[in-house]
Amino acid sequence: MEANKKVDCYGLLCPMPIVLTADTIKGMEIGEILEVRASDEGIKHDMPAWCKVTGQRFMGIEERDGEYFAYVQKIKA
Amino acid sequence: MEKEKFNIVVFSGDMDRVLAAFILATTAASMNMEVKMFFTFWGLNVLRKKKFTSGKNLLQKLMNLINKGGAERLPLSKFNMLGMGPMMMKKMMKQSRVPSIPEFVEMSKSMGIKLVACTTTFSFMGFAKDDFIDGIDSYSGAATYLSDALEGKVSYFI
């Protein structure tokens, strides 16, 4: 997936991937897509949960060689 | 849209429990919630500066000599082993890049989480405002917490 912005949370544990996602999304434009790279499996459930609460669009998670790439589209200011 | 409110009473001054409180608080703030942490009893130690002792009378001074303040020197609720436990835990947290309690305090402040200190504990322990770190939102009592708790769906006591 083409992302406008990437944030690397490899090696970080909860709550850091979510904290960094929220922080990065703040500085992005509506319609842009964020890619979050993570190693903590919790992100599979945490990212959709974060999107559900904040109203951003969850676009899926790809798992490659034990790494997770989560995609979120900013649809709300 | 009105923000959801999340309130936590931090009664415990144990590093592990306080860590759980901060993980929830910073996550809630990341989820656009309005977060308030009410520090009371041993929990106040998180907001205290690292000082030799504090207190107005002898008993308070003696108590605060053993009840050490400072976010960087909280004991563990289990396996404290005279400070060996926290030392090992801090090292393990660092290895896994988990922020320390002082780092969580700073992060919380920068995320706009409100840190509230309980005035009752404050008074009977003989603390002074100077014993506390900067950036405390307010010094208040149980009514403040309950009024906030009534407005929020999620409220914890740790």
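**Entry 1. Strand β4 of chain A**

I counted two residues as being in contact when heavy atoms lie within 4.5 Å. The model I examined is a predicted one.

I began with A:Phe69, which I located in strand β4 of chain A, residues 67-73. With residues up to four places away in sequence set aside, I found A:Phe69 touching A:Glu35, A:Val36, A:Arg37, A:Gly60, A:Ile61, A:Glu62 and A:Arg64. I noted a relative accessibility of 10% for A:Phe69, so I entered this residue as buried. I then looked up A:Arg37, one of the residues touched by A:Phe69. The C-alpha atoms of A:Phe69 and A:Arg37 lie 4.6 Å apart, although 32 residues separate the two in sequence.

Which charged end sits over the ring of A:Phe69? I found that of A:Arg64, placed 4.1 Å from the ring centre.

I next turned to A:Glu67, also placed in strand β4 of chain A. Is A:Glu67 buried or exposed? I recorded A:Glu67 as buried because its relative accessibility is 18%, and the limit for that class is under 20%. The side chain of A:Glu67 is joined to that of A:Arg37 by a polar contact of 2.9 Å. Beyond its neighbours within four places in sequence, A:Glu67 is in contact with A:Tyr10, A:Arg37, A:Ala38 and A:Glu62. I noted that A:Arg37 and A:Glu62 appear in the contacts of A:Phe69 and in those of A:Glu67.

**Entry 2. Helices α1 and α2 of chain A**

I looked up the packing of helix α1 (residues 16-26) against helix α2 (residues 43-54) in chain A. The angle is about 35° and the axes are 10 Å apart. I recorded the crossing of α1(A) past α2(A) as right-handed. From α1(A), the residues that meet the other helix are A:Pro17, A:Ile18, A:Thr21, A:Ala22 and A:Ile25. On the side of α2(A), I listed A:Ile43, A:Asp46, A:Met47 and A:Trp50.

I also checked the loop between β1 (5-9) and α1 of chain A, where A:Pro15 is placed. The peptide bond leading from A:Cys14 to A:Pro15 is cis, with omega near 10°.

**Entry 3. Aromatic residues**

My search of the whole structure gave 13 aromatic pairs over all chains. One of them is formed by B:Phe122 and B:Phe132, with 5.5 Å from centre to centre and 35° between the planes, a tilted arrangement. The pair links distant parts of the chain: I found B:Phe122 in helix α5 (residues 119-124) of chain B, and B:Phe132, ten residues apart from it, in the loop between α5 and β4 (138-140). I entered B:Phe122 as buried, with a relative accessible area of 11%. B:Phe132 is likewise buried, at 2% relative accessibility.

I then noted one aromatic cluster made up of B:Phe11, B:Phe41, B:Trp42, B:Phe124 and B:Phe157. Within that cluster I examined B:Phe41, which is found in the loop between β2 (34-39) and α2 of chain B. B:Phe41 has a positive phi of about 45° although it is not a glycine. Its relative accessible area is 28%, so I classed B:Phe41 as partly exposed.

In chain B, I also found the charged end of B:Lys129 over the ring of B:Tyr139, 4.5 Å from the ring centre.

**Entry 4. Helix α2 of chain B and the loop to α3**

I located B:Gln60 in helix α2 (residues 58-66) of chain B and entered it as buried, at a relative accessible area of 13%. What does the side chain of B:Gln60 reach at 2.8 Å? I identified the backbone nitrogen of B:Lys56. Apart from residues up to four places away in sequence, B:Gln60 touches B:Ser54, B:Gly55, B:Ser123, B:Phe124, B:Met125 and B:Gly126. Among these, B:Phe124 is a member of the aromatic cluster described in Entry 3.

I placed B:Lys68 in the loop between α2 and α3 of chain B, where it counts as partly exposed at 41% relative accessibility. Its side chain reaches the backbone oxygen of B:Leu65 at 3.2 Å. With neighbours within four places in sequence left aside, I found B:Lys68 in contact with B:Asn45, B:Arg48 and B:Arg73. The C-alpha atoms of B:Lys68 and B:Phe52 are separated by 7.8 Å, with the two positions 16 residues apart along the chain.

Last, I looked up B:Leu82, in the loop between α2 and α3 (84-95) of chain B. Phi of this residue, which is not a glycine, is positive, near 55°. I recorded B:Leu82 as exposed because its relative accessibility is 90%.

Note on methods
Residues numbered from 1 in each chain as written. Chains lettered and ligands numbered in written order. Predicted model: local features only at pLDDT ≥ 70, side-chain atom pairs only at ≥ 80, totals over all residues. Heavy atoms only, no water. Phe/Tyr/Trp six-rings, centres within 6.5 Å; stacked < 30°, edge-to-face > 60°. Helix = DSSP H or I, 4+ residues; strand = E, 2+ residues; numbered from the N terminus. Buried < 20%, exposed > 50% of the residue type's maximum accessible area, 1.4 Å probe, protein only. Lys NZ or Arg CZ within 6 Å of the ring centre and 35° of its normal. Polar contact = N/O pair within 3.5 Å; in protein donor to acceptor, adjacent residues only side chain to side chain. Axes fitted to C-alpha atoms, helices over the stretch in contact; angles between N-to-C directions. Left-handed = near helix turned anticlockwise from the far one by under 90°.
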